[in-house]
Structures are given as C-alpha cells and as structure tokens.
Amino acid sequence: MPTASTKPPTIPPRIERLLLVPLVVLPIVWLAGYFFPPINHDVAAIIDVSARWVGGEKLYVEIIDENLPLTFIVHALPVLTSKVLPGAPTFWFTAWVVAGIFASFWACRRLVRLVPSADHALTEALLPPVLLFLFTVLPNEHFGQREHIMFVACAPYMIASMARAEGVALTRLAAIAIGLVAGVALAMKPHYLAIPAAVELYLLVRRGWRATFTDPIPWSIGLLAVAHFIAMYTLFAEFGQFVMPLAVEAYAPIGDAGWRSVLTSNVLGPTLIALLIFGAIAVVFTKTVSARVLVVFGIGAAISAIAQAKGWPYHVLPALSAAILLAALTVSQTVDRYLPISRSGHHLPVAVISATLMVLLYFQAALYTPPFYKQRQFDESIGGRLQHVIEQNAPHRTILALSPGIYPLWPMINYIGGRMAMRFLTMWVLQGVYATCDDFPALYNPPDTMGDSEKFVFDTVSEDFAREQPDLLIVDRIAGIPRCQGREFDYLEYFMQNRIFADAFEGYEHLMDFDRYRIYRRKKK
C-alpha cells in the first residue's frame, strides 16, 4: 500500500481532458477532409451505377456491373438522399459513412464496457480511440470502399463477439440489431462471409451448441445472406443468370495474383505475422479470451482477402484493422494484468499511455500515406485536368470511354454530372477474354469466331455508341491486355471491325491526345 510519501501521482481533470480530448477531436477534423474531392474512384463508379438505376435504367440490363445487388441497394441511399436534400450523391455518401462511423463508435464504446476482460482502466480507455482511428484515419484514400464500410458496420459485431465469448448475454433486440447491420455489410461480397464463419465456429467450440443456436446474431447474419442470395435469382434475375456467369468467366482472371501471391504480399503477409505474434502474447501471457476473438476475426478477414485473389491493398483493410486493435488490446491487457493501476490513481498513466500510443498511430499513418494527398493535388491530377478538358468540349457531358480503368473517369463523371454512354463502365470483359494470348492465332478474334461473352460486348458497345452519339469518344492507349503477336491491343481498332461502330465513328474527329488517352469529338453539323 502506498504511504503518504509514495502517494500515486494525480492529474487535474482539465489536464486529463487536454490529453484525451484530441483523441476524439482529431478524427472528427480528419473526417471533414473526406468531403473534399476526389472521392474514391471505385466508390464513385458504384454511386454512378446506383444513380442510373434509381434514375430508371434497368440494373444488369441497361447498366451492367459485376458487383452484387446489395452493393447498389446500399449505395442508392445517398442517391435518394440527394433527391430530397441539397447536395450531390458523393457528398451524401460521405455524410452517410461519417454518420455510420459515429453510430458504430457509440455502439462499440457501450459494448466494450460489457466485455469482462476489458473492465480495466487502460483497456477501457484505449480501445475506443483506437477504433475511431481505424474508422477514420487508416482508410485514407480507401475511405468508403466496401471493406471500409464492412469493418465499420461489423465492429459492434466484433466487440459483441468478445463479450459473447466470455459468457455475456446481450438483449435480444441489441443482438438482432447488431446481426442485421453486420449482415447487410457482410453480404455485399461473398468473400466477407469468411469472417462470421470463423468467429461463429470459434464461439461454437467455446460455448457449445445450445448457446450458439439460441443466439440471434448468427441467425440474423445468415438470414441477410440467404435473402440476398435468393434476390440474385428473383428480384435481380439478370444478375444471377447472366452477369454472375459473365463475371466468373471474364472478371475473375483480371488482376488475379493467386492466393500464394496475396498471402505473401507486402501488406497481408506482415498483417498475418502481427496477428499471430500479438495473439500469442495476449493468449499466453494475459489469458485474454477477447484477444482470441480478435485473432479469429482477423484470420477470417485475411481469408476474405486471399479468396478475392486480387492483391489490392484495400482488401486487407479489415485484417489490418483487426491486427492494430489486437496490438492495442495486448498492450493494455498486459499493463492492466501485470502493472495493476488503482482506480484512484489511474488517470495520469492511462491518459499518458493512451495519448502516446495514439500519437504513434497517427504519426505512422501520416508517414505511410501522406494525409489527403489526393485532395491537395486534385486540380493538378490527371482527373482534375481531364475534367477541365471534358467541361470545355462536351456540352452534354456525355462520353464513351474504351478503357480498362475506373480512374480517372470516375469520380470525374460524378463531379461534372456526366454520363457514360454505354452499359459497361470499363472493358473488363475484354480484359478477361484476352487475359492470355496463347490460344489466339490473331490479335483480335474475328467476329464470327467470338464466344458469347465477347460477341455481346462487341455488339452492345457498338450499338450504344451509335444510339447515344456521345460528345466525346475517349480511347485508352493502355489496354490492360497483354501484348500478343508482338502488338498492343487497340480498342478503337478492335471495335472498328463492327460496321455499326465504324459508321458511327465517321461522325467524329480527333480532338487531342491527353496523357494516355486519344480523345475524339463529335463533328459539328
């Protein structure tokens, strides 16, 4: 027991607030930066598809994309909001994500208090600001990606699972709400279901059959997944019967790094190592059950990233978030367990340790990716300059781009209120068809030998071009297709084989070469 001469140091309440308030204020200020352009290009493209769908075009028929229906249902929310309130869909998307972050943070903060192993001074104080960091700062240029949305929506499920693993029973209403919110996010990609599969399997082993089968959370998640699957073949039958087989055939080969390459990538490899090291420390030395749940959640998220087999950095975001949260839990649990701090004297060390660790996280994040680099450089970026070209030369803001890439066409199209004058966003089907050239004796398949998928794209793009007569035709000189027969794939040359396309192209003239693009303008009559 401390004597009068060894009384634990105290800290005035105002000094404690000065140390801890920035941990909440800084993320709020950080979130404000996401309202400045550009929004993430993949997010912008999905919003554009949702806007065309809400505007009356038939999804998967008049506008074709490989993403699942639930993705467009979720992204229709900001589009619908923009119809009743001032502001563009891109603004309302960011606003809805920010609102979701605060709602998730509020729920997680309450749920942390239900986890028995978190009922310690440092753990209870450190986990919420770390979660807020993961929600707001870590995503950076990937803010709003489905992996980001999924982690924000599933964070209450993750914390609730930590409590469930320690025998805490949630109210039925809270459990159903947590399960349904997580279920909506997890059903946006089938790969995400690896996360609840891993978590619920662990809880089944730990708690037994009875507790698992009477728990509303896994049933709620499963209900959403099954309902979405049924909708793919009923309400959105064109997706299940046409687009899904097309995506399996043509989209899967694009950027396919293979599971071994993804597993050993620069981000996922170290993330898995960190999960295992922090997990071993937490499990062996702190005996923390909640740490095991985080390990299982992170492994499920890693399996999801590996299953997508693309190797894109944002796929690893949920697994990386779980690893960082596990590191914070390991540190806080070690201090709480081996250096117990009395409730009367915990304010100073808790405030200092929390502030120090959080500053370290922010500092490392800023070193890894300069904050808001794209926002600060937007006007001089290729997207900002291309936007200026189109505003000057496309009076109706209609373009048709023969390109493999989403960026910089999106979010530029969103910002100018433009329209892609064809049913596909990119040439992803042709990328899949021509992923290798081993089987092709010629650079381009003759029209009479094309498979069904290629012929569909060949014809529909040409028909869309002739019908829509866009202001500009933009041809990407980098086709995203391997060289074959010693030549580069040329999208314009390819589509000029189609008489409908060739006849429509006679009404266009070369405007300029801009960066990697050849731009053609519709001739004035």
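Okay, let's start with helix H19, residues 382–393, which lies across E1, E3, E4 and strand E5 (517–522). H19 runs at about 155° to E4. Before I go on: this is a predicted model, so please keep that in mind throughout.

Staying on H19 for a second, have a look at Gln387, which sits in that helix. Is Gln387 buried or exposed? With a relative accessibility of 14%, Gln387 counts as buried, because the limit for buried is under 20%. As for what Gln387 touches, if we skip its neighbours within four places in sequence, the contacts are Phe378, Met412, Tyr415 and Ile416.

Now the sheet under discussion. Five strands make up an open sheet, and the order is E2-E1-E3-E5-E4, with mixed pairing. So which strands are at the edges? Those are strand E2 (419–420) and strand E4 (508–514), each of which pairs on one side only. As a reminder, strands of a sheet pair through backbone hydrogen bonds, either parallel or antiparallel. Here, strand E1 (residues 398–402) and strand E3 (residues 472–476) go together in the parallel sense, over four bridges. If you want a spot to click on, take Ala401: its bridge partner in E3 is Ile474.

Next up, aromatics. How many aromatic pairs does a search of the whole structure find? The search comes back with 32. One to look at is Phe213 with Trp219: the ring centres are 6.2 Å apart and the planes are at 55°, so that pair is tilted. Phe213 is partly exposed at 46% relative accessibility, while Trp219 has a relative accessible area of 52% and counts as exposed, because the limit there is over 50%.

Then there's Phe242 with Phe456, and that aromatic pair is edge-to-face, 5.0 Å centre to centre with 70° between the planes. Phe242 is in helix H12 (residues 237–251) and Phe456 is in helix H22 (residues 452–468), so this pair ties together parts that are 214 residues apart in sequence. On accessibility, Phe242 comes out partly exposed at 31%, and Phe456 is partly exposed too, at 26%.

There's also an aromatic cluster: Tyr434, Tyr444, Phe458, Phe465, Phe489, Tyr491, Tyr494, Phe495, Phe501 and Tyr508 form one cluster. And one charge over a ring to mention: Lys374 lies over the face of Tyr407, 5.6 Å from the ring centre.

Let me jump to a loop. Where is Gln145? You'll find Gln145 in the loop between helix H6 (121–136) and helix H7 (146–165). Gln145 is buried, with a relative accessible area of 2%. Its side chain makes a polar contact with the side chain of Asn40, at 3.2 Å. Not counting residues up to four places away in sequence, Gln145 touches Asn40, Asp42, Val43 and Tyr314.

Last residue, Pro89, which belongs to helix H5 (residues 89–112). Pro89 has 23% relative accessibility and counts as partly exposed. Apart from neighbours within four places in sequence, Pro89 is in contact with Ile47, Pro78, Val79 and Ser82. And for a sense of distance, how far apart in space are Pro89 and Val289, C-alpha to C-alpha? That's 42 Å, with their positions 200 residues apart in sequence.

That's my tour, thanks.

Terms used:
Residues numbered from 1 in each chain as written. Predicted model: local features only at pLDDT ≥ 70, side-chain atom pairs only at ≥ 80, totals over all residues. Heavy atoms only, no water. Helix = DSSP H or I, 4+ residues; strand = E, 2+ residues; numbered from the N terminus. Buried < 20%, exposed > 50% of the residue type's maximum accessible area, 1.4 Å probe, protein only. Contact = heavy atoms within 4.5 Å. Pairing = 2+ DSSP bridges. Axes fitted to C-alpha atoms, helices over the stretch in contact; angles between N-to-C directions. Polar contact = N/O pair within 3.5 Å; in protein donor to acceptor, adjacent residues only side chain to side chain. Phe/Tyr/Trp six-rings, centres within 6.5 Å; stacked < 30°, edge-to-face > 60°. Lys NZ or Arg CZ within 6 Å of the ring centre and 35° of its normal.
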